[in-house]
Amino acid sequence: MIDFMDASQLSVIALALAAIVLVLVIALAIQVRTNRQHQTQQHDAVLQQLTRVEEQQHNLNHQIEEQQHRALVQGRHLQQLQTGQGELENQIRDVKLQDPSMRLYQRGAELVKQGATVEEVMEACDIPRAEAELIVTIHQNDGSSA
């Protein structure tokens, strides 16, 4: 036998069900709100990280540009130094070629280093004995101290 509920019992059950549904709707709303807050926090954190990464990228790009500029300036400077060195070497060579006596003395020095005597230096370089003796004395001392 099933007892039929009277209207007041049905009202209580209906109110209880309505209260349960209301509690569930409120719990669901709270859960949605919490999820949204969590997503917003994550979104903000990702945006902050992205901003930091963009700043780091900007700084690195700036550093690379500075390094490239320095390398370019150093390259130009090195090229100027090499050009200047080449010019100096040419000037030295020209000076040596303009002074024929220097060639004779250089030739005499080479002969002395190879073991030539005063007479051999005089004959090969066509210079007086005193100059040949001076060359031999100077370059024999260079050879013995080297």
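**Note on a predicted all-helix chain**

1. Arg70 is partly exposed, its relative accessible area being 42%. In this predicted model, Arg70 is paired with Glu66 in a salt bridge whose closest N and O atoms are 3.7 Å apart. Glu66 is likewise assigned to the partly exposed class, with a relative accessible area of 32%. Both residues belong to helix H1, which covers residues 7-98, and they are separated by 4 residues, about one turn of the helix. An α-helix has 3.6 residues a turn, so residues three or four places apart point the same way.

2. As to the overall architecture, the chain contains 4 helices and 0 strands. Read from the N terminus, the order of elements is α-α-α-α. Of the 146 residues in the chain, 9% are buried. Where contacts join residues at least 6 apart in sequence, 25% of them link residues at least 24 apart. The accessible surface of the chain is about 12,600 Å², and carbon and sulfur atoms account for 58% of that area.

3. The salt-bridge count for the model is 3. Besides the Glu66 and Arg70 pair, one of them joins Glu119 to Arg129, with the closest N and O atoms 3.0 Å apart. Glu119 is located in helix H3 (residues 118-125) and Arg129 in helix H4 (residues 129-145), so this pair ties together parts that are 10 residues apart in sequence. Glu119 has a relative accessibility of 43% and counts as partly exposed; Arg129, at 38%, is also classed as partly exposed.

4. Which residue does Glu133 pair with in a salt bridge? The partner is Arg129, and the closest N and O atoms of the two are 3.6 Å apart. Glu133 and Arg129 are both part of helix H4, 4 residues apart, about one turn of the helix. Glu133 is partly exposed, at a relative accessible area of 37%. Arg129 also bridges to Glu119, and Glu119, Arg129 and Glu133 are accordingly linked in a network of salt bridges.

5. Helix H3 deserves separate comment. Are Val118, Val121 and Cys125 in H3 buried or exposed? These three residues are buried. Viewed down the axis of H3, the buried residues fall within an arc of 65 degrees, so they line one face of the helix. Glu119, in the same helix H3, is by contrast partly exposed. Just after H3, the backbone at Asp126 adopts a positive phi of about 55 degrees.

6. A nonpolar patch on the surface is made up of Leu10, Ile13, Leu17, Ile20 and Leu24. Together these residues present about 480 Å² of accessible area. Ile20 is placed in helix H1, and at 47% relative accessibility Ile20 counts as partly exposed. Ile20 therefore passes the cut-off for membership of a patch, which is over 30% relative accessible area.

7. To summarise the points for the reviewer: the predicted model has 4 helices and a buried fraction of 9%. Helix H1 holds the Glu66 and Arg70 pair, while helices H3 and H4 are joined through Glu119 and Arg129. Residues Val118, Val121 and Cys125 are the buried positions noted in H3, and the surface carries the nonpolar patch that includes Ile20.

Note on methods: Residues are numbered from 1 along each chain as its sequence is written. This is a predicted model: local features need pLDDT of at least 70, side-chain atom pairs count only at pLDDT 80 or more; totals for chains, interfaces and linings use all residues. Side-chain values use heavy atoms; hydrogens and water are left out. Helices (H or I, at least four residues) and strands (E, at least two) are DSSP runs, numbered from the N terminus. Buried means under 20% relative accessible area, exposed over 50%, partly exposed in between (1.4 Å probe, protein chains only). Contact means heavy atoms within 4.5 Å. Accessible areas come from the Shrake-Rupley method with a 1.4 Å probe; for residues, only the protein chains shown count as cover. A salt bridge is a side-chain nitrogen of Lys or Arg within 4 Å of a carboxyl oxygen of Asp or Glu. The arc is that of the directions from the helix axis to the C-beta atoms. Patches are made of residues with over 30% relative accessible area and no salt bridge: like charges are joined within 9 Å, nonpolar side chains (Val, Leu, Ile, Met, Phe, Trp, Tyr) within 5 Å.
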